[in-house]
Amino acid sequence: MANAAKLLGALLLGAAAGATIGVLFAPDKGSNTRKKIKSKTNEIIDQLSDKIDEAKETMTNLREKAMTTAENVKSRVKDTIEEEADMVGRRTRNANAHTN
C-alpha cells in the first residue's frame with residue numbers, strides 16, 4: 001500500500017508540475033497566469049484529498065476485515081482445542097475403564 005501511495009503522490013506531483021509549466025509558458029497576462037496556477041493547484045489538492053479519503057476508507061475496511069478474520073480463526077482454534085481435549089478425556093476414561 002505504501003508503494004501505491006508513493007506512486008499516487010508522484011503522479012499528482014507530476015501532473016501539478018506539468019500543469020504549472022503549461023500555464024507558465026502560455027501567452028497570457030501575469031494576473032491570469034496566477035489565477036490559472038491557483039485554480040489548478042486547488043483542483044489537484046482536491047483530487048489528492050479525495051484519494052487520501054479513499055485510501056483511509058480502504059484501510060479501515062481492510063482493518064475491519066482482518067479483525068473479523070482473526071476473531072473467526074480464534075474461535076475455530078478454540079473449538080478445535082476443546083474438541084481435542086474432550087477426545088483425550090474420553091480416551092483416558094476408556095483406557096481407565098479397560099484397565100479396571
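**Exercise 1. Salt bridges**

Task: State how many salt bridges the protein chain has, and find the partners.

Solution.
- Step 1. The count comes to one salt bridge. The model is a predicted one.
- Step 2. Name the pair. Lys-51 bridges to Glu-54.
- Step 3. Check the distance. The closest N and O atoms lie 3.9 Å apart. The cut-off is within 4 Å, and the pair meets it, with its 3.9 Å.
- Step 4. Recall the general idea. Side chains of opposite charge can pair when their charged atoms come close.
- Step 5. Place the pair. Lys-51 and Glu-54 are three residues apart in helix 2, so about one helical turn separates them.
- Step 6. Add the exposure. Lys-51 is partly exposed at 38% relative accessibility. Glu-54 is also partly exposed, at 44%.

**Exercise 2. Overall form**

Task: Decide whether the protein chain is more spread out or less spread out than a compact globule.

Solution.
- Step 1. List the elements. The protein chain has two helices and zero strands.
- Step 2. Compare the radius of gyration with the globule rule. The value is 31 Å, and the rule gives 13 Å for 100 residues. The value is well over the rule, so the chain is more spread out than a compact globule.
- Step 3. Look at the spans. Along its principal axes the C-alpha trace covers about 105 × 15 × 10 Å.
- Step 4. Turn to burial. Of the 100 residues, 5% are buried.
- Step 5. Add the surface. The accessible surface is about 8400 Å², and carbon and sulfur atoms hold 59% of that.

**Exercise 3. Two surface patches**

Task: Say which residues form the patch of negative charge and which form the nonpolar patch.

Solution.
- Step 1. Take the charged patch. Glu-43, Asp-46, Asp-50, Asp-53 and Glu-57 gather there on the surface.
- Step 2. Follow one member. Asp-46 sits in helix 2, which runs over residues 30–99. Its relative accessible area is 48%, so Asp-46 is partly exposed.
- Step 3. Take the nonpolar patch. Ile-21, Leu-24 and Phe-25 make it up, with about 370 Å² of accessible area together.
- Step 4. Follow one member again. Ile-21 belongs to helix 1, residues 2–25. Ile-21 is partly exposed, at 46%.
- Step 5. Step back to charge in the whole chain. There are 17 positive and 14 negative charges, and their mean positions are 8 Å apart.

**Exercise 4. Buried or partly exposed?**

Task: Sort Ile-44, Ala-15 and Ala-55 into buried or partly exposed.

Solution.
- Step 1. Use the cut-off. Buried means under 20% relative accessible area.
- Step 2. Ile-44 has 15%, so Ile-44 counts as buried. Ile-44 lies in helix 2.
- Step 3. Ala-15 has 42%, so Ala-15 is partly exposed. Ala-15 lies in helix 1.
- Step 4. Ala-55 has 28%, so Ala-55 is partly exposed too. Ala-55 lies in helix 2.

**Exercise 5. Sequence and space**

Task: Give the C-alpha separations for Ile-44 and Ala-15, Ala-15 and Gly-89, and Ala-55 and Met-87.

Solution.
- Step 1. Ile-44 and Ala-15 are 29 residues apart along the chain, and 8.2 Å separates their C-alpha atoms.
- Step 2. Ala-15 and Gly-89 are 74 residues apart in sequence and 68 Å apart in space.
- Step 3. Ala-55 and Met-87 are 32 residues apart in sequence and 47 Å apart in space.

Definitions and conventions:
Residues numbered from 1 in each chain as written. Predicted model: local features only at pLDDT ≥ 70, side-chain atom pairs only at ≥ 80, totals over all residues. Heavy atoms only, no water. Patch = residues over 30% accessible without salt bridge, like charges linked within 9 Å, V, L, I, M, F, W, Y side chains within 5 Å. Areas by Shrake-Rupley, 256 points an atom, 1.4 Å probe, with all protein chains shown as cover. Salt bridge = Lys/Arg side-chain N within 4 Å of Asp/Glu carboxyl O. Lys, Arg positive; Asp, Glu negative; His and termini not counted. Charge placed at Lys NZ, Arg CZ, Asp CG, Glu CD. Helix = DSSP H or I, 4+ residues; strand = E, 2+ residues; numbered from the N terminus. Buried < 20%, exposed > 50% of the residue type's maximum accessible area, 1.4 Å probe, protein only. Rg over C-alpha atoms; globule rule 2.2 N^0.38 Å.
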